[in-house]
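Here are my notes on the model you sent, set out as numbered points so that you can check each one against the coordinates.

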Amino acid sequence: MISQLLKLFHVNNVSKLFLVFAVFSLSGMLALYASDILTAFISNFLTNDFLILFLRVVSIFILYQIIVLVVAIPLGQFSYFMSYQGRFFKKIKSIFFA
């Protein structure tokens, strides 16, 4: 099972896999926290709940892309996540602009 995870995440050893998982988890938590703060600020000016929810989802998506790179730097995984971002945006581009 570990070997399948190593292949799936394109890493060579378990310690690098642990760092990749740490970056993913920390980035997700920080993106949710930052989005909560941003949404609370925006909700002071908007009353439409659907629009606030939409802005929260969009802000989570945008903030996550930035935060994942920032968190990857101190953990030494910046190059891995830059290539991950490239693959991710290539897939997004092919879905919307096919």
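1. Val71 counts as buried in this predicted model, because its relative accessible area is 11%, which falls under the 20% limit for that class. The residue is placed in helix α3, and its C-alpha atom is 6.5 Å from that of Ser27, although the two residues are 44 positions apart in the sequence.

2. Leu26 also comes close to Val71 in the sense of a C-alpha separation of 7.3 Å, with their positions 45 residues apart along the chain. Leu26 belongs to helix α2, and with a relative accessible area of 37% it is classed as partly exposed, whereas Val71 is classed as buried.

3. Two further pairs can be read in the same manner. Val23, in helix α2, has a relative accessible area of 0% and is therefore buried; its C-alpha atom lies 6.6 Å from that of Val68, a residue 45 positions away along the chain. Tyr64, in helix α3, is likewise buried, at 17% relative accessible area, and the C-alpha atoms of Tyr64 and Leu30 are separated by 8.0 Å, with the two positions 34 residues apart in the chain.

4. How many salt bridges does a search of the whole structure find? The search returns one, and it is formed by the side chains of Arg56 and Asp36, with a nitrogen-to-oxygen distance of 3.3 Å. This pair links distant parts of the chain, since Arg56 sits in helix α3 and Asp36 in helix α2 (residues 14–43), 20 residues apart. Neither partner is classed as buried: Arg56 is partly exposed at 24% relative accessibility, and Asp36 is partly exposed at 40%.

5. On the surface there is a nonpolar patch made up of Phe50, Leu51, Phe54, Leu55, Val58, Phe61, Ile62, Ile66, Val70 and Phe89, which together have about 900 Å² of accessible area. Helix α3, spanning residues 49–72, gives the most to this patch, with nine residues. Leu55, one of the patch residues, lies in that helix and counts as partly exposed because its relative accessibility is 30%.

6. The largest pocket has a volume of about 170 Å³, and its lining consists of Leu8, Phe9, His10, Tyr80, Tyr84, Arg87, Phe88 and Lys91. Helix α4, which covers residues 78–96, gives the most to this lining, with five residues. Sorted by class, the lining has five nonpolar residues, one polar residue and two charged residues.

7. His10 deserves a separate look, as one of the residues that line the largest pocket. What is the phi of His10? The angle is positive, at about 55 degrees, although His10 is not a glycine. Most residues other than glycine have a negative phi, so a reader may wish to inspect the backbone at this place. His10 lies in the loop between α1 (2–8) and α2, and it is classed as exposed because its relative accessible area is 54%, over the 50% limit.

8. Taken by helix, several of these points come together. Helix α3 holds Arg56 of the salt bridge, the buried residues Tyr64 and Val71, and nine residues of the nonpolar patch. Helix α2 holds Asp36, the partner of Arg56, together with the buried Val23 and the partly exposed Leu26.

Technical notes:
Residues are numbered from 1 along each chain as its sequence is written. This is a predicted model: local features need pLDDT of at least 70, side-chain atom pairs count only at pLDDT 80 or more; totals for chains, interfaces and linings use all residues. Side-chain values use heavy atoms; hydrogens and water are left out. Patches are made of residues with over 30% relative accessible area and no salt bridge: like charges are joined within 9 Å, nonpolar side chains (Val, Leu, Ile, Met, Phe, Trp, Tyr) within 5 Å. Accessible areas come from the Shrake-Rupley method with a 1.4 Å probe; for residues, only the protein chains shown count as cover. A salt bridge is a side-chain nitrogen of Lys or Arg within 4 Å of a carboxyl oxygen of Asp or Glu. Helices (H or I, at least four residues) and strands (E, at least two) are DSSP runs, numbered from the N terminus. Buried means under 20% relative accessible area, exposed over 50%, partly exposed in between (1.4 Å probe, protein chains only). On a 1 Å grid over the protein atoms alone, a cavity is a set of points where a 1.4 Å probe fits but cannot get out, and a pocket is an open set with protein on both sides within 12 Å along at least five of seven lines; lining residues have an atom within 4 Å of a point. Grid points are joined across faces, edges and corners, and a volume is the space filled by probe spheres set on the points. Ala, Val, Leu, Ile, Met, Phe, Trp, Tyr, Cys and Pro count as nonpolar, Asp, Glu, Lys and Arg as charged, and the others, Gly among them, as polar.
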